[in-house]
Amino acid sequence: MSKLRVNAFTLSLDGYGAGPDQDLQNPLGVGGESLHKWFVDTRTFREMVLKKDGGTNDINEAFAARSFENVGAWILGRNMFGPIRGEWPDDSWKGWWGDNPPYHVPVFVLTHHERAPITMEGGTTFHFVTDGIHSALEQAKAAADGKDVRVGGGVATIRQYLQEKLIDEMHLAISPVLLGKGENLFAGLDMVKLGYQCSDQVATALATHVVIKRG
């Protein structure tokens, strides 16, 4: 059965999934890049994002590789696609990742502003959804054709799906970093009341990996 998953989403020790003040120079917010040291040296990151060989082959790599398995579509929040706010000024911005993004499947971007789909190299097509998270999920499941749908973030998008009890499984990497402010994943959420529990955890020097599932 198709699942709605969160994978390889990194939080600080104080619960922040991104720093404040996202812009072109700080795509993950100020201080946000410090969260991802566990990921950037893995073989999966180097192959999928940097299009390079090499990289680690350890527990961190195992979680990174698993994050791309059996994914037939993605859902992203507007901020995960880019730093532009409000109406799209033109069609020039096509994401952070260049001509060949690491998704290679349909990607559904939540936004309040209409925009035509963008077909990229490598099988990625960005679709812009203006009628909410349920519509995005319905479209993503149809496009995934029986495979899982992965919610890539950001924090606000994951929170919306958690509040609706729609996420089946969530892998979080807790980085040994304090951000102090930014976007907090769990603020105001009663995860126990929502039916979630920790099913697995393993620690490395760069992150503690936690798997959370709905009971």
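Let's start at a turn in the chain: Gly154 has its place in the loop between β7 and α6. Helices and strands here are DSSP runs (H or I of at least four residues for helices, E of at least two for strands), numbered from the N terminus. The peptide bond leading from Gly153 into Gly154 is cis, with omega near 0°.

Before going further, a word on what you are looking at. This is a predicted model, in which local features need pLDDT of at least 70 and side-chain atom pairs count only at pLDDT 80 or more, while totals for chains, interfaces and linings use all residues. Residues are numbered from 1 along each chain as its sequence is written, and side-chain values use heavy atoms, with hydrogens and water left out.

For the wider frame, UniProt lists residues 9-199 as "domain: Bacterial bifunctional deaminase-reductase C-terminal" in an unreviewed entry; such annotations use the numbering used here, have shortened feature names, and may be inferred rather than shown by experiment. The span is 23% helix and 22% strand, and its end C-alpha atoms lie 16 Å apart.

Now step back from Gly154 into β7 (148-153). This strand is mostly covered, with 6 of its 6 residues buried; buried means under 20% relative accessible area, exposed over 50%, and partly exposed in between, using a 1.4 Å probe and protein chains only. Which strands pair with β7 in the parallel sense? One is β1, over 2 bridges, and another is β3, which 5 bridges join to β7. Pairing requires that DSSP finds at least two bridges between the strands. You can find Arg5 opposite Arg150 in β7, and Ala73 has Val149 of β7 as its bridge partner.

Helix α5 packs against this strand. Its 12 residues, 133-144, reach 16 Å from first C-alpha to last, close to the 16 Å expected at 1.5 Å a residue; the expected span is 1.5 Å times one less than the number of residues. Ile133, Ser135, Ala136, Leu137, Ala140 and Ala144 are buried in α5, and the buried residues of α5 pack against β1, β3, β4, β6, β7 and α6. After the helix comes Asp145, whose phi is positive, near 55°.

On the other side of α5 in sequence, the loop between β6 and α5 holds Thr130. Thr130 counts as partly exposed because its relative accessible area is 35%. Setting aside neighbours within four places in sequence, Thr130 is in contact (heavy atoms within 4.5 Å) with Thr111, His112, His113 and Glu114. From Thr130 to Ala142, 12 residues apart along the chain, the C-alpha separation is 17 Å.

Two other loops have backbone angles to look at. His104, in the loop between α4 and β4, has a positive phi near 65° without being a glycine, and at 30% relative accessibility His104 counts as partly exposed. Lys165, in the loop between α6 and β8, is likewise a residue other than glycine with positive phi, near 60°, and Lys165 is partly exposed at 42% relative accessibility.

Finally, turn to helix α3, residues 59-66, where Asn60, Glu61, Phe63 and Ala64 are buried. These residues sit on the same side of α3 because they cover an arc of only 160° around the axis, taken from the directions from the helix axis to the C-beta atoms. The buried residues of α3 pack against α1, α2, β8, β10 and β11. At the N-terminal end of α3, Asp58 acts as a cap, with a side-chain oxygen 3.2 Å from the backbone nitrogen of Asn60.

Definitions and conventions: A polar contact is a pair of N or O atoms within 3.5 Å; within protein, one must be able to donate a hydrogen and the other to accept it, and residues adjacent in sequence count only if both atoms are side-chain atoms.
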